[in-house]
Amino acid sequence: KIIILDFGSQYTQLIARRVREHNVYCEIHPYHHVPELDETVKGVILSGSPSSVRDENAPIPQLNHIIGKLPVLGVCYGAQYLAQSYGGVVEASDSREYGRANLEFVDNKSKLFLEVEDSSQVWMSHGDTIMQLPDGFEIIASTKDVKVAGYHVAEKNIYGIQFHPEVYHTIQGTQILYNFLIDICGCIQDWSPASFVESTIDSLKSQLGNDKVVLGLSGGVDSSVAAILLHRAIGNNLTCIFVDQGLLRKNEYENVLESYKHMGLNVIGVNAKDLFLGELKGVSDPETKRKIIGRLFIEVFDGEAKKIKDVKWLAQGTIYPDVIESVSVNGPSVTIKSHHNVGGLPEKMNLKVVEPLRLLFKDEVRRVGHEMKISPTILGRHPFPGPGLAIRILGDITPEKVTLLQEVDHIFIEGLKSNGLYDKVWQAGAMLLPVQSVGVMGDERTYESVVALRAVQSTDGMTADWVHLPYEFLSRISNEIINKVRGVNRVVYDISSKPPATIEWE
Ligand code: XMP
């Protein structure tokens with residue numbers, strides 16, 4: 001495997017995904033917690049950073065046990081740090097260098113740049129530049145503005161590059177990473193969905209033995225893939241619980257339950273609609289809604305789990321981005337995770353936790369799902385928030401409003417599907433607004449609700465842009481909603497990006 005030391009760059013996870021695209025396993029560790037090395041570690045990559053090596057508080061890693069023993073690739077800050085720490089000079093550039101550049105010189109006999117073309121396009125993003133290299137450092141690439149775009153230290157087996165090989169705009173970045181991973185580090189390309197499935201099932205078998213495990217299914221990709229993996233490992237010692245809080249999409253409870261049973265899972269469906277909607281009655285504040293739903297979910301889930309005799313483990317669909325220890329170079333480390341509805345579950349239940357997906361990125365979860373022949377309709381589902389339609393009904397929630405919004409959402413989502421747009425959108429849904437507006441239907445004046453449609457493009461939900469759905473499509477959907485859903489006389493489309501708007505309206 002490869003160890004990636006993170007100095008807080010926004011691109012660190014992207015480096016990891018690119019490495020894994022070569023079927024090489026890698027882990028991200030914060031620069032100040034360099035892990036112990038064993039013979040499975042074949043090389044180390046140092047990431048970029050928002051800091052400057054000239055800052056007083058610049059992040060400094062402990063590399064004594066690595067340098068000279070394993071190949072090291074420094075990217076951007078990583079390259080500057082290595083150059084400076086051996087006596088080189090790094091200075092602020094006259095102009096900050098962002099964006100495309102072309103290599104003017106590249107030593108394509110260097111192992112790192114094998115097959116790289118002479119004027120290959122690369123992506124720069126830095127405020128500092130290496131002005132002078134220490135002895136023993138040899139320049140292997142330059143651009144017009146950046147003399148030291150790449151260097152090699154033969155004696156120490158170090159490579160440094162100023163540009164970012166992980167971003168799409170570095171056209172031969174994939175090749176450069178391949179050269180580092182395969183030719184320089186000698187990694188074996190054995191990280192594949194099939195090998196993951198096989199080894200995870202083996203290790204789950206030995207970890208869990210004959211113990212009983214309980215898992216909360218949500219209908220989403222992660223919990224579904226986790227369930228199938230566990231089922232393969234321990235069969236019906238796995239019990240899944242799927243709770244209907246009355247805030248799911250139209251027919252979702254029945255459809256999802258059916259498809260899980262079809263896959264052979266041992267699933268208990270719990271209809272807790274009345275409980276949830278009863279406790280939510282009259283509540284308008286979004287955070288209070290979330291808290292009530294979170295608390296009730298834990299109660300209901302715990303109640304069901306207690307009925308399983310001798311259950312020892314709680315399985316969760318946690319994925320790798322949730323467990324990476326994040327590095328913040330401008331203050332204490334922060335974990336970006338505000339929405340974990342079932343956050344309190346393990347503490348409350350006093351069970352051991354098993355998380356079979358904790359090494360995987362989202363796209364890898366999907367690939368593992370494909371490998372296990374889970375249906376594309378489950379693997380391709382848009383994310384859906386745990387509190388469901390509760391946070392899409394602005395203001396207080398009533399069963400009538402839930403039904404109305406389910407109808408609207410159904411028309412929108414089915415419309416996206418039948419027009420081939422569903423898979424082009426990361427997430428879509430409808431919001432019921434707490435205002436009424438005037439309309440006219442036939443000869444009658446109406447005073448009814450407004451719904452907002454939202455469709456966004458994103459990779460992880462942290463940032464998002466609204467999708468430019470075709471006007472023709474929006475026009476047909478708007479007509480259909482107003483004609484078919486009683487109580488709605490106006491449809492609007494949300495054209496805000498995140499930030500500053502969030503994806504959900506509450
Ligand atoms: P926002 O609205 O924060 O949403 O831009 C980002 C992503 O998170 C989902 N979301 C939630 N998921 N519990 C969840 O499980 C929540 O309370 C919650 N709030 C928002 C949202 O659907 C989007 O995918």
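# Close-up views of a predicted model

**View 1. Helix α4 passes helix α5 in a right-handed crossing.** Everything shown in these views comes from a predicted model. The two helices in this close-up cover residues 193–208 (α4) and residues 221–234 (α5), and their axes come within 8 Å while crossing at roughly 65°. On the α4 side, the contact is made by T200, I201, L204, K205 and L208, and on the α5 side by L229, L230, R232, A233 and I234. Sorted by character, these contact residues comprise 7 nonpolar, 1 polar and 2 charged. A handy reminder for reading such a view: a pair of packed helices is described by the distance between the axes and the angle between them.

**View 2. The whole chain, for orientation.** The protein chain has 506 residues, of which 39% count as buried. Its fold contains 14 helices and 18 strands. Measuring tape in hand, you would find that the C-alpha trace spans about 80 × 60 × 40 Å along its principal axes. Take the contacts between residues at least 6 apart in sequence: 74% of them join residues at least 24 apart.

**View 3. The residues annotated as the active site are C76, H164 and E166 according to UniProt, in an unreviewed entry.** These residues span 91 positions in sequence, yet no two of their C-alpha atoms are more than 11.3 Å apart, so they gather at one spot. If you are browsing the structure by sequence number, you can find H164 in the loop between β9 (158–161) and α3 (173–184). E166 lies in the loop between β9 and α3 as well.

**View 4. What surrounds H164, and is this residue buried or exposed?** H164 has 23 other C-beta atoms within 10 Å, so it counts as buried. Setting aside neighbours within four places in sequence, its contacts are Y11, G48, V75, C76, W123, S125 and T170. One of these partners, C76, is itself on the UniProt active-site list.

**View 5. What surrounds E166, and which residues does it contact?** With neighbours within four places in sequence left out, E166 is in contact with Y11, L14, I15, R18 and G173. E166 is buried, because 25 other C-beta atoms lie within 10 Å. It is worth keeping Y11 in view when you move between these two close-ups: Y11 is in contact with H164, and Y11 is also in contact with E166.

**View 6. Helix α1 covers residues 12–21.** Of its 10 residues, 7 are buried, so this helix is largely enclosed by the rest of the structure. The buried ones are T12, Q13, I15, A16, R18, V19 and R20. Two of them, I15 and R18, appear among the contacts of E166 in the previous view. Just after α1, the backbone at N23 takes a positive phi of about 60°.

**View 7. The surroundings of the ligand.** The ligand is surrounded by 14 residues, and the closest of them are P385, G386, T502, I503 and E504. By character, this shell consists of 5 nonpolar, 6 polar and 3 charged residues.

**View 8. Two cis peptide bonds sit at K498, P499 and P500.** K498 is joined to P499 by a cis peptide bond, with omega about -15°. The bond from P499 to P500 is cis too, with omega near 5°. Both prolines belong to the segment after β18: P499 there, and P500 there as well. For β18 itself, look at residues 488–493. As background, most peptide bonds are trans, and most residues other than glycine have a negative phi.

**View 9. N157 and N251 each have a positive phi of about 60° although neither is a glycine.** N157 is in the loop between β8 (150–153) and β9. With 17 other C-beta atoms within 10 Å, N157 is partly exposed. N251 is found in the loop between β11 (238–244) and α6 (252–262). N251 has 11 other C-beta atoms within 10 Å and is exposed.

**View 10. P321 is placed in helix α9 (residues 320–323).** This proline is partly exposed, with 17 other C-beta atoms within 10 Å. Not counting residues up to four places away in sequence, P321 touches Q13, F361 and D460. You may recognise Q13 as one of the buried residues of α1. P321 and L360 are 39 residues apart in sequence, and their C-alpha atoms are 8.1 Å apart in space.

How values were computed
Residues are numbered from 1 along each chain as its sequence is written. This is a predicted model: local features need pLDDT of at least 70, side-chain atom pairs count only at pLDDT 80 or more; totals for chains, interfaces and linings use all residues. A residue is near a molecule or strand if its C-beta atom, placed from the backbone, lies within 6 Å of it. Ala, Val, Leu, Ile, Met, Phe, Trp, Tyr, Cys and Pro count as nonpolar, Asp, Glu, Lys and Arg as charged, and the others, Gly among them, as polar. UniProt positions are given in the numbering used here, feature names are shortened, and annotations may be inferred rather than shown by experiment. Helices (H or I, at least four residues) and strands (E, at least two) are DSSP runs, numbered from the N terminus. A residue is buried if 20 or more other C-beta atoms lie within 10 Å of its own, exposed if 12 or fewer, and partly exposed in between; C-beta atoms are placed from the backbone. Two residues are in contact if their C-beta atoms, placed from the backbone, lie within 7 Å. Axes are lines fitted to C-alpha atoms, for helices over the stretch in contact, and angles run from 0 to 180 degrees between N-to-C directions. A crossing is left-handed if the near helix is turned anticlockwise from the far one by less than a right angle, and right-handed if clockwise.
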